[in-house]
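Grab a pencil and keep the viewer open. Below are some exercises, each followed by a solution that goes step by step.

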Amino acid sequence: MSSSRSSEIVRNFVANNQKLFSEYNVKYIYAIGLGVCLLAHAAYLIMFFILHVNEMMYFNIFSVAFYLTMGILSVTLRKGHVILLYLTSAEVIIHATLATYLMGWEPDFGILLLIIIPILFLMLKERLIEPYLFSAASMGMFIWLRVRKINNAELKYVFSDNDLINTLYIVNAVIGMIALLYTLTVYLLNRVNMECKLTAQSEEFKKAASIDPLTQLFNRRAMNEKIREIRRNSITPRSRYVIGIGDIDNFKNINDTYGHDTGDKVLVYVANLFISMIPDGGYAARWGGEEFLFVLPESQIVDGLDFTDQIHKSLRAHTFEIDDCLFGVTMTFGVSEGIPTDKIDTVITHADKRLYKGKNSGKNHTEYTD
């Protein structure tokens, strides 16, 4: 797979995952979690109604209304979702503490006091103090209830049916596991999102380090790396590659007469010619100022001449129009041929010397001999 194809796959993956974690969708991620809490407390409400545990039944009427309100707010609020997490955590701690106080340890509502601790650290990962405070409150309630050693005589609601107790235990365990799985899923998705952002930043930094911002061609450093890569990947030690250097003729006059903005437009136009006409496998770079360099792997001088002839013809056929003033642009090229055992600087120097030979012998053509 080519490097360009790999980069495209990475960019698409990053873009798709960033859409998943847009501000709009984050609201619905919270809403789903609150919806799960709403369903769990609706189930508790029915269960406590059947068991005639009045205090918990009334508490869960409040809880159902609470989570319904929180769910609506999670969608409508533009920010402040962390406050919803604080309120939800407080509700769970109070709910588990009150149920254990009234019904004892056998139904194991107290398990929720432990399960919520890792959930707090996962959901509040960007907060430094709050996870510890809520965890301390939850663990404090758990220890307090254990230290009290509540016996059946002190309990307001005692159930002697082991099947019923086991059912309550399983319900609490399943609800706790669902909450933990949801939180882990959100955590993993957030981690993927962070990795995508880092990948996107890395791609941007890589691009900024290798691409000329005006012309979108390789810069000098990146082009040197590409030429080294071409030499390393040559089919045989005698494989040939072509390097050419082109310079826009009389570019200083363009800047002086029409301004640097016009000069930039000319540079971009020329760069686009290179991008559209460079043969497959070839690369082009802005070598400096108004100079451009290209390299054609597995090629000979004649291939370089064919390419520069296309550039010459396109430039001669194009007229720039600036404030009712018309002008044309030409280029002079020097082309050199190299093999993998040649030093890169030597091949480039040959092309550069031929460029200046062309400049001194009329411009607007390609030189390929010394």
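Buried means under 20% relative accessible area and exposed means over 50%, with partly exposed in between (1.4 Å probe, protein chains only). This is a predicted model, so to speak of local features we need pLDDT of at least 70, side-chain atom pairs count only at pLDDT 80 or more, and totals for chains, interfaces and linings use all residues. Residues are numbered from 1 along each chain as its sequence is written, and side-chain values use heavy atoms, with hydrogens and water left out.

**Exercise 1. Work out whether E367 is buried or exposed, and what surrounds it.**

Step 1: Find the element. Helices (H or I, at least four residues) and strands (E, at least two) are DSSP runs, numbered from the N terminus. E367 lies in strand β7, residues 366–367.

Step 2: Apply the cut-off. The relative accessibility of E367 is 11%, so this residue counts as buried.

Step 3: List the neighbours. Contact means heavy atoms within 4.5 Å. Leaving out residues up to four places away in sequence, E367 touches F333, G334, V335, R354, K357, G358 and S361.

Step 4: Look for a polar partner. A polar contact is a pair of N or O atoms within 3.5 Å; within protein, one must be able to donate a hydrogen and the other to accept it, and residues adjacent in sequence count only if both atoms are side-chain atoms. The side chains of E367 and S361 are joined by such a contact, at 3.4 Å.

**Exercise 2. Put the strands of the open sheet in order and find its edges.**

Step 1: Set the rule. Two strands pair if DSSP finds at least two bridges between them.

Step 2: Go through the pairs.
- β1 (residues 241–248) and β6 run antiparallel, with 8 bridges; S336 in β6 is the bridge partner of I243.
- β6 and β7 are parallel, over 2 bridges; here G334 has E367 as its bridge partner in β7.
- β2 (residues 283–288) and β3 run antiparallel, with 5 bridges; A284 is matched with F294 in β3.

Step 3: Write the order. The 5 strands run β2-β3-β1-β6-β7, and the pairing is mixed. β2 and β7 are the edge strands: each has a single partner strand, so one side of each lacks a neighbour in the sheet.

Step 4: Check an inner strand. In β6, 7 of the 8 residues are buried, so the rest of the structure largely encloses this strand.

**Exercise 3. Which residues have a positive phi in the loops, and how accessible are they?**

Step 1: Start with the hairpin of β2 and β3. There are 2 residues between its strands, and G289 takes a positive phi near 60°.

Step 2: Move on to residues other than glycine. N250 has a phi near 55° and lies in the loop between β1 and α9 (251–258). For D324, phi is near 65°, and the residue is in the loop between β4 (320–322) and β5 (325–327).

Step 3: Add accessibility. N250 is partly exposed at 41% relative accessible area, whereas D324 is exposed at 73%.

**Exercise 4. Classify two of the aromatic pairs.**

Step 1: Set the rule. Rings of Phe, Tyr and Trp (its six-membered ring) pair if their centres lie within 6.5 Å; planes under 30 degrees apart count as stacked, over 60 as edge-to-face and the rest as tilted. The count comes to 19 aromatic pairs.

Step 2: Take F294 and F333. Their centres are 6.2 Å apart with 65° between the planes, giving an edge-to-face pair. F294 is in strand β3 (residues 291–296) and F333 in strand β6 (residues 331–338), 39 residues apart, and the pair links distant parts of the chain. Both residues are buried.

Step 3: Take F320 and F327. At 5.3 Å centre to centre and 15° between the planes, this pair is stacked. F320 and F327 are both buried.

Step 4: Look for a group. One aromatic cluster is formed by F274, F292, F294, F307 and F333.

**Exercise 5. Find the largest nonpolar core and the element that gives the most to it.**

Step 1: Set the rule. A nonpolar core is a set of buried Ala, Val, Leu, Ile, Met, Phe, Trp, Tyr and Cys residues joined through side-chain atoms within 4.5 Å.

Step 2: Read off the answer. The largest core has 40 residues, and M47, F48, V53, M103, F109 and F159 have the most contacts inside it. The biggest contribution comes from α4, with 10 residues.
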